[in-house]
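Q: I would like to learn how to read a few local features of a protein model, beginning with a charged side chain and ending with the backbone. Could we take them one at a time?

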Amino acid sequence: MPKPKKNESKQDYLKRCTTELIEKEGRDPDQAYAMCNAYWNDAHNQRPVLTLAAPIELKKTEEDKPPTFMITAYTGRPLNTWFGDVIFDVKGMKVKAKIPILREHARDRIVGYSTKTWTDETNFYVSGSFSQKTRDGKEVLALAEEGFPFQASVGIWPLKVKVLGKGAKEVVNGHEIKGPAEIWTESDVGEVSFVTLGRDDE
């Protein structure tokens, strides 16, 4: 497994690591990305929330195919929101394979669409294609190619909620959350957005 270099950003590491695992070990791109993401988090002893990375090169692989992206849309950690602490159980996330990919959660700012969504024990991932027809699709792609540090944000709605009282504790997605808090045991993911600043500024 490639090791992070000194002062290497997570986005740059994921791109380098994923490419190496695909080319040298013949790994599936989704598997390679998840492995590299987990290795980075373990090496840095952290799981920063709502970050984006592009482990697959942002360019056309064939003449008629658009550039692709891969996003760590949610890392499973509790979030501090305006209504209190909340955590989304990744096992209860309901999401279609094909969902809108937007910019700043604006429904009229279309970046592209997902072609696959999946989870592991902690993370929620999205991969898909950039639109070649919209201004935001072209602009986000161009900025990503320049190395702009985009983050990701999930448009998610609760279906079933478990309320933790003050002093209560529970482990969700491998992370401990303490009450008062909400656990969204089931939720519906409607879209994922490229954003300038996610809820966690890391």
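The dialogue below takes up a glutamate, then some backbone angles.

A: Please keep in mind that this is a predicted model, in which local features need pLDDT of at least 70, side-chain atom pairs count only at pLDDT 80 or more, and totals for chains, interfaces and linings use all residues. Residues are numbered from 1 along each chain as its sequence is written, and side-chain values use heavy atoms, with hydrogens and water left out.

Q: Is Glu191 buried or exposed, and which side chain of opposite charge is nearest?

A: Buried means under 20% relative accessible area, exposed over 50%, and partly exposed in between, with a 1.4 Å probe and protein chains only. A salt bridge needs a side-chain nitrogen of Lys or Arg within 4 Å of a carboxyl oxygen of Asp or Glu. Glu191 is buried and has no salt bridge, the nearest side chain of opposite charge being Arg107, 8.8 Å away.

Q: Which side chain makes a polar contact of 2.9 Å with that of Glu191?

A: A polar contact pairs N or O atoms within 3.5 Å; within protein, one must be able to donate a hydrogen and the other to accept it, and residues adjacent in sequence count only if both atoms are side-chain atoms. The partner at 2.9 Å is the side chain of Ser193, and the side chain of His105 also makes such a contact with Glu191, at 2.5 Å.

Q: What is the sign of phi at Asn7 and at Asn173?

A: Most residues other than glycine have a negative phi, and most peptide bonds are trans. Asn7 has a positive phi of about 65° and is exposed at 76% relative accessible area, whereas Asn173 has a positive phi of about 60° and is buried at 5%. The peptide bond from Gly179 to Pro180 is cis, with omega near 5°.

Definitions and conventions
Lys and Arg count as positive and Asp and Glu as negative; His and the chain ends are not counted.
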